[in-house]
Amino acid sequence: MQFYMPTLAAPPRLAPCPLSCSVVAKDELDNMLKHPSLRKVPILFFANKKDLPTAMPPVEIAQALGLEEIRDRPWQIVPSNGLSGEGVDKGVDWMAERMDK
């Protein structure tokens, strides 16, 4: 997945997956962070399917993706449910606040 062109925001969606899957997600994230069009762009992660018992808590997602190493831009993980829409408004509000700055 790569379509960054004039990007104002980069919201990846994370679904529950085994640890091996989070390695792939981290590789994708690392590639995004290196892309010149995404320099200093805030990153919002929708941690989808939060209603499932297999869903990783945001702290574990942050650790698996190495988010604490990202210091050149704001980032946020928002637990969400794509079917009910729960959490989507919170994530959009967070991103809108960052876009105003």
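What follows is a walk through the fold, the nonpolar cores, the second helix and the charged pairs of this predicted model.

The protein chain contains 3 helices and 3 strands. Going along the sequence, strands and helices come in the pattern β-α-β-α-β-α. Of the 101 residues in the protein chain, 32% are buried. The contact map leans heavily on distant pairs: among contacts with a separation of 6 or more, 77% are between residues 24 or more positions apart. The accessible surface of the protein chain adds up to about 6600 Å², and carbon and sulfur atoms own 59% of that.

On to the interior. In soluble globular proteins, nonpolar side chains tend to be buried together. Here the largest nonpolar core is made of 10 residues, namely Leu29, Ile43, Phe45, Ala47, Ile61, Ala62, Leu65, Leu67, Ile70 and Ile77. Both S2 and H2 put at least two residues into this core. Another core, of 5 residues, lies apart from it and includes Phe46, Val78, Trp94 and Met95. Leucine 67, one of the residues of the largest core, touches Leu29, Phe45, Ala62, Trp75 and Ile77 once its neighbours within four places in sequence are set aside.

Helix H2 shows a clear split between its two sides. Ile61, Ala62 and Leu65 are the buried residues to look at in H2. These residues sit on the same side of H2, because the arc they cover around the axis is only 100°. Val59 and Gln63, on the other side of H2, are exposed. The general geometry helps here: an α-helix has 3.6 residues a turn, so residues three or four places apart point the same way. The three buried residues of H2 also turn up in the largest nonpolar core, as Ile61, Ala62 and Leu65. Right after H2 comes glycine 66, with a positive phi near 65°.

Now for the charged side chains. Side chains of opposite charge can pair when their charged atoms come close. Searching the whole structure turns up 4 salt bridges. One of them stays within a helix: the side chains of lysine 26 and aspartate 30 meet at 3.1 Å, N to O. Both residues belong to helix H1 (residues 19–34), where they are 4 residues apart, or about one turn of the helix. Aspartate 30 counts as partly exposed because its relative accessibility is 25%, and lysine 26 is likewise partly exposed, at a relative accessible area of 21%.

A second salt bridge joins loops. Lysine 50 and glutamate 86 bring their side chains to 3.0 Å, N to O. Lysine 50 is in the loop between strand S2 (43–47) and helix H2 (58–65), while glutamate 86 is in the loop between strand S3 (75–79) and helix H3 (88–99), so this pair ties together parts that are 36 residues apart in sequence. Lysine 50 has a relative accessible area of 37%, which means that it is partly exposed. Glutamate 86, at 44% relative accessibility, also counts as partly exposed.

The loop that holds lysine 50, between S2 and H2, is home to asparagine 48 as well. With a relative accessible area of 10%, asparagine 48 is buried. A polar atom of the asparagine 48 side chain lies 2.9 Å from the backbone nitrogen of glycine 82.

That leaves arginine 73, placed in the loop between H2 and S3. What does the side chain of arginine 73 meet in a salt bridge? The partner is aspartate 72, at 3.0 Å, N to O. The two ends of this pair differ in burial: arginine 73 is buried, with a relative accessible area of 6%, whereas aspartate 72, at 42% relative accessibility, counts as partly exposed. The arginine 73 side chain also reaches the backbone oxygen of leucine 38, at 2.5 Å. Leaving out neighbours within four places in sequence, the contacts of arginine 73 are Leu33, Leu38, Arg39, Lys40, Val41 and Ile43. Ile43 in that list belongs to the largest nonpolar core too.

Technical notes
Residues numbered from 1 in each chain as written. Predicted model: local features only at pLDDT ≥ 70, side-chain atom pairs only at ≥ 80, totals over all residues. Heavy atoms only, no water. Buried < 20%, exposed > 50% of the residue type's maximum accessible area, 1.4 Å probe, protein only. Polar contact = N/O pair within 3.5 Å; in protein donor to acceptor, adjacent residues only side chain to side chain. Core = buried A, V, L, I, M, F, W, Y, C linked by side-chain atoms within 4.5 Å. Contact = heavy atoms within 4.5 Å. Arc of directions from axis to C-beta. Areas by Shrake-Rupley, 256 points an atom, 1.4 Å probe, with all protein chains shown as cover.
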